[in-house]
Amino acid sequence: MSDTSAAKPVQAKAVREIRINPIVPSQSVLVATARSLRPKKEEAPAPYDARTFVETCPFCKGNEDKTPAPIAQVPATGDWQLRLVENLYPVLGDEHRNPNFSFGMQQTIDGYGRHEVVIDHASHGIRLHEMSEEHLALLLSTYRSRMEQLYHSNDRLKYVLLFKNFGPAAGASIGHTHSQIIAMPVVPDNVQAEVRNSAAFYRASQGCIFCNSIDEALTFEATLYDRESGEVRRKINVGQFVIERSRAFIAIKPFASRYEWEVHILPLKHQADFLDATAEDLADLARIFRRTMARLNTVLGGVQYNFFFHSLPHGEEYAGNAQSFHWHIEICPRTSIPTGFELGSGLFVNTVCPEDAAERLRSVVLPS
Ligand SMILES: [Zn+2]
Ligand SMILES: [Zn+2]
Ligand SMILES: [Zn+2]
């Protein structure tokens, strides 16, 4: 973890337990809050560049000739608010260099795909919670329309991944705020695992596991007592994992959070595909997204993070999963570097109990 936070820690009981991720059980988490158990190296707080313009930055206004011609620009003419360009150093490309190959244990899939950059805002160092809700809604609708175009552009593209890296600890190599869209020739394994496991849950219980966890987060209340001493062993309170709630969305701290300050945002009503979100939904999402990031920023005193969208993959083989899969955004603040224990065991170590993290995030007072 990183108790790099400005806020005072919540007085909490030490926790040491392995929490099973209900959706992908293989991604379990060791929650170990005692200081002596911390096997992690803490990240320094984000060195934050608040400049609005940097002369040498290829994404700043006036330097448009330093990026490839835009795929889209909003508005299309005049003073732009955001731009979509090709990545100059794509991880996947649309030429066919190496056809699929298989030799003994060596197997490859052609690195076919698209890799694009969304310049989220004209202002160089602006942080997400500092953008206006109107601007964020515009950004979200740009994500959605580009995702839709890419799915329709080529049958070989199996998944479109939207993500953002903010801050060097999160892997951002350019300081100017931006996000990325990678259209891939395969559905990533973690998305497949979510789709597969939520489908199994649906078959067993006729319900969406994501909707179930929302219901549970909103309504569950219980106290477990120790049978011998009668002491309270665990208290489960209403809304203890809820960070924010809006008309159409909810921000939740997952019970088995891999990252200390991880938060997920989901539509309250069941929806499998991000592309089905309406303009009204996106305006509402902009608000809850901005407020959630503001909370993280306050508690962490500057937040470096990755976020990514998980939406139902397109393609016939996934059409049957519309009832069981539920799209969501995973926000993963980076406050520590994984160590050999985590890489070697595949078990994430979280040193802040998710209930306490949720309480700290909720207690931030935001200007309305
Ligand atoms: Zn810039
Ligand atoms: Zn659902
Ligand atoms: Zn996910």
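Is C208 buried or exposed? C208 counts as buried, at 6% relative accessibility. Another cysteine, C57, is buried as well, with a relative accessible area of 5%. The model you are looking at is a predicted one, and a search for disulfides in it comes back with 0.

Let's turn from sulfur to charge. Side chains of opposite charge can pair when their charged atoms come close. Across the whole structure, 15 salt bridges are found, and a few of them make a good route through the fold.

Start with R19. Its partner in a salt bridge is E17, and the closest N and O atoms of the two are 2.8 Å apart. R19 is a buried residue, because its relative accessibility is 2% and the cut-off for buried is under 20%. The pair also belongs to something wider: E17, R19 and E355 are linked in a network of salt bridges.

Next, find D120 and K164. These two form a salt bridge whose closest N and O atoms are 2.6 Å apart. D120 sits in the loop between β8 (114-119) and α1 (133-153), while K164 belongs to strand β9 (residues 159-166), so the bridge ties together parts that are 44 residues apart in sequence. Both ends are hidden from solvent in the computed areas: D120 is buried, with a relative accessible area of 1%, and K164 counts as buried at 1% relative accessibility.

Now follow the chain into α1, where E133 is waiting. Which residue does E133 meet in a salt bridge? The partner is R290, with an N to O distance of 2.8 Å. Since E133 lies in helix α1 and R290 in helix α4 (residues 279-300), this pair ties together parts that are 157 residues apart in sequence. The two ends fall into separate accessibility classes: E133 counts as partly exposed at 21%, whereas R290 counts as buried at 18%. With the boundary for buried set at under 20%, you may want to keep both percentages in mind along with the labels.

That bridge leads straight to the packing of the two helices. α1 and α4 pack at an angle of about 120°, and their axes are 8 Å apart. This angle makes α1 oblique to α4, and the crossing is right-handed. On the α1 side, the residues in contact are E133, L136, A137, L140, S141 and R144. They meet A279, L282, A283, L285, A286, R287, F289 and R290 in α4. So E133 and R290, the salt-bridge partners in these helices, both appear in the list of contacting residues.

Key:
Residues numbered from 1 in each chain as written. Chains lettered and ligands numbered in written order. Predicted model: local features only at pLDDT ≥ 70, side-chain atom pairs only at ≥ 80, totals over all residues. Heavy atoms only, no water. Salt bridge = Lys/Arg side-chain N within 4 Å of Asp/Glu carboxyl O. Buried < 20%, exposed > 50% of the residue type's maximum accessible area, 1.4 Å probe, protein only. Helix = DSSP H or I, 4+ residues; strand = E, 2+ residues; numbered from the N terminus. Disulfide = S-S within 2.5 Å. Axes fitted to C-alpha atoms, helices over the stretch in contact; angles between N-to-C directions. Parallel < 35°, antiparallel > 145°, perpendicular 65-115°, else oblique. Left-handed = near helix turned anticlockwise from the far one by under 90°. Contact = heavy atoms within 4.5 Å.
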